[in-house]
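Visitor: I'd like to talk through this structure with you, a topic at a time. Could you start once it is on screen?

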Amino acid sequence: MGEKVVAVRFDLADRQRYRRKLRGCLDALGRLLTEKRFDRPRNLMGLEIELNLAGPDGLPRMMNAQVLERIASRDFQTELGMFNLEVNIAPHPLAGHVFSQLSEELRTGLGYAHRKAEELGAGILMIGILPTLTRHDVDLVNISDVDRYVLLNDQIVAARGEDFTLEIEGVERLACTAASITPEAACTSVQLHLQVTPQRFADVWNAAQAVAAVQIATGANSPFLFGRELWRETRPPLFQQATDTRPPELQAQGVRPRTWFGERWVDGAYELFEENLRYFPALLPLCGDEDPLRVLDDGGVPSLQELVLHNGTVYRWNRPVYGVVDGVPHLRVENRVLPAGPTVEDVVANAAFYYGLVRALAEDPRPVWRRMAFQDAAGNFDTACRYGIDAELRWPRPGRGGVTAVPAVKLVRDELLPLAASGLDAWGIEPADRDRCLGIIEERCRRRVNGASWQSETFHRAQEAGLDREAALAATARRYRELALTGEPVHTWPAGAPGPYPRDGR
């Protein structure tokens with residue numbers, strides 16, 4: 001949520017005041033939109049990556065504070081678990097050789113961070129869920145020593161009123177409970193930001209929702225959790241359940257979860273912020289001194305800090321974002337769909353595919369969200385999380401009416417990659433950057449390989465070689481780490497570890 005807060009207790013008066021402040025912020029947002037006060041089009045994109053700390057043995061290392069002290073860079077920050085970090089890349093114009101530039105920046109920054117982590121016996125690993133994580137690794141004792149995480153945990157636990165139930169049925173079944181939100185720290189993602197004008201917001205957000213399933217199908221990288229093989233992208237069900245403020249009775253009534261795909265296409269950003277107020281009680285009712293409407297009356301630009309804070313506790317997979325830079329407000333679409341990794345090349349290819357595809361679909365005179373039901377997009381997201389590269393998705397028939405089921409790899413290769421290429425051309429991306437990035441996505445589809453399928457095959461080969469489950473998961477994590485350090489994209493990785501497996505898995 002990005003706010004510096006301190007551990008406090010809230011009473012009824014705090015919540016009532018916060019609700020009034022939220023309403024004032026929403027009214028101010030409405031005025032800003034009506035008065036057309038937002039930044040001009042700037043074609044800016046941003047990138048955040050959540051990271052795992054893991055040693056050469058493939059096991060998590062609970063030392064993010066120590067590693068951050070060694071790294072000593074504002075680009076790196078804590079995340080929820082002590083085995084997590086986050087790196088933030090400064091905004092870039094979407095043009096020219098931007099994806100080559102991003103690759104170089106990430107390789108340099110992550111390489112430096114990895115070397116500093118190695119000094120402490122750890123290392124930086126980009127992976128959706130570390131396969132060697134156990135339930136004990138995500139106990140409350142391993143939450144980062146930062147007030148805002150402790151406060152958020154306390155508020156979500158209090159709202160729920162009982163332990164969290166984690167129940168996921170996939171290749172295998174996981175059923176357990178948790179007394180805190182710390183299991184959510186198992187999920188590490190890539191967040192892609194795109195600054196948009198209010199007039200273009202709905203088209204971009206709807207396009208991002210429509211392609212979320214395709215992003216997962218091609219980029220899944222989280223098949224294991226607590227020693228069980230579950231969905232190809234297990235992050236979404238885990239994130240929803242680990243942050244679910246609803247006890248079973250409210251779930252049965254259809255109350256919306258805070259981790260949410262959504263339920264309809266939209267016509268503008270305002271309605272998403274308004275939904276957040278209408279559906280979700282405040283978790284962190286922290287009020288500042290700003291009166292946003294008075295700031296507007298005085299000719300200024302309000303920070304809308306209460307609205308921004310509340311928005312950060314509603315975990316949409318495509319989230320609206322309000323910000324102010326140099327005194328000018330702007331809107332962004334924050335895409336939170338993708339898992340981290342496996343390599344810088346994979347992350348940048350995923351980003352290029354997304355930005356190209358969203359540009360093309362948002363400018364299509366027959367937009368996809370007018371030709372398919374929102375329920376199809378939501379169903380596609382669930383299907384892609386379950387089956388990854390092998391998913392079948394419902395998509396409008398090209399040139400004809402209706403929706404049909406099509407293998408994700410066929411949809412991407414035949415229809416979506418050409419669209420993404422045209423979108424990147426519209427952004428002004430250099431053809432060499434365009435072809436290199438989209439070529440990685442094409443090869444994943446041709447070989448039917450992504451991070452999740454590679455992890456699964458390597459794990460099963462390790463078991464076939466005689467390793468027990470725990471040793472096979474550790475061998476998978478170690479081999480993943482070894483290959484990720486080469487920087488070669490995941491579709492080129494050989495499955496399995498080289499040579500015979502030691503019986504102890506080391």
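**Loop, cysteines and cores**

Guide: Lys36 lies in the loop between helix H1 (12–34) and strand E1 (44–53), where helices (H or I, at least four residues) and strands (E, at least two) are DSSP runs, numbered from the N terminus. This is a predicted model, in which local features need pLDDT of at least 70 and side-chain atom pairs count only at pLDDT 80 or more, while totals for chains, interfaces and linings use all residues. Residues are numbered from 1 along each chain as its sequence is written, and side-chain values use heavy atoms, with hydrogens and water left out.

Visitor: Is Lys36 buried or exposed?

Guide: Lys36 counts as exposed, because its relative accessibility is 67% (buried means under 20% relative accessible area, exposed over 50%, partly exposed in between, with a 1.4 Å probe and protein chains only).

Visitor: Switching topic, how many disulfides are there?

Guide: Zero, a disulfide being a pair of cysteine sulfur atoms within 2.5 Å.

Visitor: Why is Cys385 without a bond?

Guide: Because the closest cysteine sulfur, in Cys187, is 11 Å from that of Cys385, which is too far. Cys445 is in no disulfide either, with the nearest cysteine sulfur, that of Cys437, 15 Å away.

Visitor: And which residues have the most contacts inside the largest nonpolar core?

Guide: They are Ile49, Phe99, Phe353 and Tyr355, in a core of 153 residues; such a core is a set of buried Ala, Val, Leu, Ile, Met, Phe, Trp, Tyr and Cys residues joined through side-chain atoms within 4.5 Å. A second, separate core of eight residues includes Phe459 and Leu467.
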